Amino acid sequence: MASKNNAPVKSSAATSGSTQDKAWLLSVYQEMCYYRRFEERVLQAYTQQKFAGFCHVHIGQEALCVGVQRALRPTDYMISGYRSHTQSIAKGIPGKEVFSELYGKVTGCSKGNGGSMHMFSKEHRFLGGHGIVGGQVPLAAGVGFAINYEKRDDIIVCYIGDAATNQGQFHEALNMAATWKLPCLFVIENNRYGMGTDIKRTTSIDHLWKRALAFDMDHGEVDGMNVQTTHAFLEGVVAGIRKTKRPYLLDAICYRYKGHSVSDPGLYRSKEEMAEWMAKDPIIQLGDFIKKSKMATDAELKALDTKAKEMARADEDFAEEQDIPPDSQVWQNVYAD
Ligand SMILES: Cc1ncc(C[n+]2csc(CCOP(=O)(O)OP(=O)(O)O)c2C)c(N)n1
Ligand SMILES: [Mg+2]
């Protein structure tokens, strides 16, 4: 699975094992619907000014979130940027705690101190939620170092945006990860835009997996809009990292449907481009496969989506009823004891 030659290992259309199993496919379908519905409620709540601060949603990128997570063990670590509401749920943080965090409530996973960009759970090994572009990359290398130092066989997944690969700390951290053979999986969520700038205007290379060549790092490319190919590919990548302890850079091709943040209408993208990507929608793609394979009817898939909507609504309802933190909390977790 791992390639350290110039050409990347690419995901193929062929899938195997769990990605052909009916129960697996239906649960993945529902999970992706849940994340879509969750983020739609987040958008709505933000627009209604139910919470403030920055807010970046992940709509369109669900296949990557689910395809990666399902290749991991609960003991593996994950670290991400600011577009991480649903990645943190996938890693095990209850949706109620994520919605509470958005609302700044005391029951939030960061006790209401963090907000949208700072989901965190030591218990579930989700290490943030980081607002500094690329800031999570050296932290991931540090966790990889700790895993090796303590002789464990966990790995850490580090999500990064395409634009973040132009940050200096990305290059420094990848160099150290490759030199010290750290068990890090760097996943570039290559949605092709920074805030509003096309990657082609800021990046000298045509494929972001080429960043790995400078460090002689194993690397690959995956169609991040298709959950079956993504998951099948990731199973091999994760097994490879666990075995070799070598880091891996994955260029995951995907698309975000909404603007960079809630305040960005995304007018820099053409309607044709949006339509082209939405035709590859991860939920519709999987639904079509399920129906064609006669594993479920349209009505059965709709019922899964209805359940997903109810789950998202319950998360928001829970958050609304919770208390804001006491004033005294402002003094807590400022200094180490
Ligand atoms: C160090 C730093 N520089 C600039 C910013 C402002 N900023 C926030 S997000 C962003 C674009 C990042 O795009 P990308 O890495 O592709 O991630 P995406 O938003 O597409 O998921 C920028 C420039 C920041 N938060 N941190
Ligand atoms: Mg981007």
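Start by selecting ligand 1 and the 14 residues that surround it. Val133, Gly161, Ala163, Ala164 and Gly194 are the closest of these. Colour the shell by residue type: six of its residues are nonpolar, five are polar and three are charged. Keep in mind throughout that this is a predicted model.

Next, select helix H5, residues 136–149. Its 14 residues reach 20 Å from the first C-alpha to the last, close to the 20 Å expected at 1.5 Å a residue. Now pick out Gln136, Val137, Ala140, Ala141, Val143, Gly144 and Ile147, which are buried. These residues cover an arc of only 160 degrees around the axis, so they lie on the same side of H5.

What covers the buried residues of H5? To see part of the answer, add strand S2 (77–79), strand S3 (156–161), helix H6 (168–179) and strand S4 (184–190), which are included in that cover. Then step just past the end of H5 to Lys151, where phi is positive, at about 55 degrees.

Move on to Cys158 and show its contacts. Leaving aside neighbours within four places in sequence, Cys158 is in contact with Ile79, with Gln136, Val137 and Ala140, and with Cys184, Leu185, Phe186 and Val187.

Finally, widen the selection to the largest nonpolar core, which has 86 residues. Cys158, Leu185 and Phe186 have the most contacts inside this core. Helix H1 (residues 22–47) supplies the largest share of the core, 10 residues. In soluble globular proteins, nonpolar side chains tend to be buried together.

Notes
Residues are numbered from 1 along each chain as its sequence is written. Chains are lettered from A and ligands numbered from 1 in the order in which they are written. This is a predicted model: local features need pLDDT of at least 70, side-chain atom pairs count only at pLDDT 80 or more; totals for chains, interfaces and linings use all residues. A nonpolar core is a set of buried Ala, Val, Leu, Ile, Met, Phe, Trp, Tyr and Cys residues joined through C-beta atoms within 7 Å. A residue is buried if 20 or more other C-beta atoms lie within 10 Å of its own, exposed if 12 or fewer, and partly exposed in between; C-beta atoms are placed from the backbone. Helices (H or I, at least four residues) and strands (E, at least two) are DSSP runs, numbered from the N terminus. Two residues are in contact if their C-beta atoms, placed from the backbone, lie within 7 Å. A residue is near a molecule or strand if its C-beta atom, placed from the backbone, lies within 6 Å of it. Ala, Val, Leu, Ile, Met, Phe, Trp, Tyr, Cys and Pro count as nonpolar, Asp, Glu, Lys and Arg as charged, and the others, Gly among them, as polar. The expected span of a helix is 1.5 Å times one less than its number of residues. The arc is that of the directions from the helix axis to the C-beta atoms.
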